[in-house]
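Colleague: I'm new to this structure and would love a close look at a single part. Could you pick a hairpin and walk me through it, then show me what else is worth seeing?

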Amino acid sequence: MEGEQRRLLVRFDGEDIGHGAHVVLPRLTLALREGERVALLGQSGAGKSTLLGELRRRLDRQAAWCPQHHGLVPQLAVYHNVFMGRLPEHSALANLWNLVHPLRRPWREVSTLCDELGLADLMRRPVGQLSGGQRQRVAIARALYQARPLFLGDEPVASVDPHQALRLLSLIDARHTTSVVALHQRELALTHFDRVWGLRDGRLVIDAPTDSLTLAELDALYPDADAARHIPDARDADSGVPGVNALPCPRGRP
Ligand SMILES: Nc1ncnc2c1ncn2[C@@H]1O[C@H](COP(=O)(O)OP(=O)(O)OP(=O)(O)O)[C@@H](O)[C@H]1O
């Protein structure tokens with residue numbers, strides 16, 4: 001289907017997007033269409049979460065949401081955290097009962113999801129006892145459990161290895177027709193998504209299909225990474241750069 005014929009889901013038409021009086025993305029013009037898989041790139045503070053928050057507000061119940069800091073309850077088991085994806089769909093009484101005696105159907109549904117995400121053996125384990133990557137998968141499971149047509153993810157594959165990242169993104173794709181995913185892995189953006197939105201200095205500087213983009217163009221979204229490569233080596237005793245000793249040695253340097 002050609003882009004022009006796809007149903008428009010959201011359009012920003014020269015709008016200021018931010019937090020109250022603090023405008024992060026001034027005069028933003030952007031459209032999201034059904035069926036698009038968008039990688040959202042930009043260095044820390046560029047406004048990815050801000051844009052995702054606004055998309056979430058406008059798409060409301062059409063969109064499943066996987067937040068950057070997971071928003072899990074560490075004391076509760078994996079099962080209960082995933083179940084929370086559908087909390088509003090059940091009565092307060094059913095939710096309360098489910099805390100003590102997991103309901104049969106949700107348990108089955110959550111088991112199936114946990115199987116696919118490699119969490120099957122951890123369903124009864126409190127989330128506070130899981131590794132970072134396992135927590136990330138629980139957060140994704142909770143978003144998948146919402147069963148919405150769209151997926152919005154704020155760095156949902158930041159703490160897993162590249163193979164797992166690919167697998168998780170495929171699981172997300174299998175259950176959602178449209179997705180917008182913030183991430184920092186530029187290669188993954190090019191290989192797995194069909195469109196890139198790139199933010200820099202408060203502007204949307206890339207809004208293009210991935211097959212028209214190069215890795216160098218995506219790298220240009222990260223000027224600080226480039227600057228970091230030119231910081232004098234931490235072992236230069238008189239570099240004079242505050243905090244330079246805390247920086248890792250740039251790749252490729254002796
Ligand atoms: N609740 C808030 N109120 C006011 N300003 C905020 C709020 N949240 C974020 N900001 C500011 O908005 C700007 C964009 O932040 P945002 O979290 O959207 O960036 P990001 O690209 O998601 O960064 P990161 O990759 O570090 O998560 C930053 O200057 C930040 O300080």
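Modeller: Happy to! Let's start at Asp 201, which takes a positive phi near 50 degrees in the hairpin of β7 and β8, where two residues lie between the strands. Please keep in mind that this is a predicted model. The two strands of the hairpin, β7 with residues 195–200 and β8 with residues 203–209, pair in the antiparallel sense over six bridges. To trace one of these pairings, find Trp 197 and look across to Asp 207, its bridge partner in β8.

From the hairpin, let's turn to two helices. Helix α4 covers residues 104–116 and helix α5 covers residues 132–145; they pack with their axes 10 Å apart, at an angle of about 130 degrees. Because of that angle, α4 counts as oblique to α5. Their crossing is right-handed. On the α4 side the contact is made by Val 110, Leu 113 and Cys 114, and on the α5 side by Ala 141, Leu 144 and Tyr 145. By class, this contact has six nonpolar residues, with no polar and no charged ones.

Last comes the ligand. Among the residues around it are His 19, Gly 42, Lys 48, Ser 49, Thr 50 and Gln 68. Two elements, β2 (22–33) and α1 (48–59), give two or more residues to this shell. The most come from α1, which gives three residues. The residues of the shell divide into nine polar, two nonpolar and one charged.

Technical notes:
Residues are numbered from 1 along each chain as its sequence is written. This is a predicted model: local features need pLDDT of at least 70, side-chain atom pairs count only at pLDDT 80 or more; totals for chains, interfaces and linings use all residues. Two strands pair if DSSP finds at least two bridges between them. Helices (H or I, at least four residues) and strands (E, at least two) are DSSP runs, numbered from the N terminus. A residue is near a molecule or strand if its C-beta atom, placed from the backbone, lies within 6 Å of it. Ala, Val, Leu, Ile, Met, Phe, Trp, Tyr, Cys and Pro count as nonpolar, Asp, Glu, Lys and Arg as charged, and the others, Gly among them, as polar. Axes are lines fitted to C-alpha atoms, for helices over the stretch in contact, and angles run from 0 to 180 degrees between N-to-C directions. Angles under 35 degrees count as roughly parallel, over 145 as roughly antiparallel, 65 to 115 as roughly perpendicular and the rest as oblique. A crossing is left-handed if the near helix is turned anticlockwise from the far one by less than a right angle, and right-handed if clockwise. Two residues are in contact if their C-beta atoms, placed from the backbone, lie within 7 Å.
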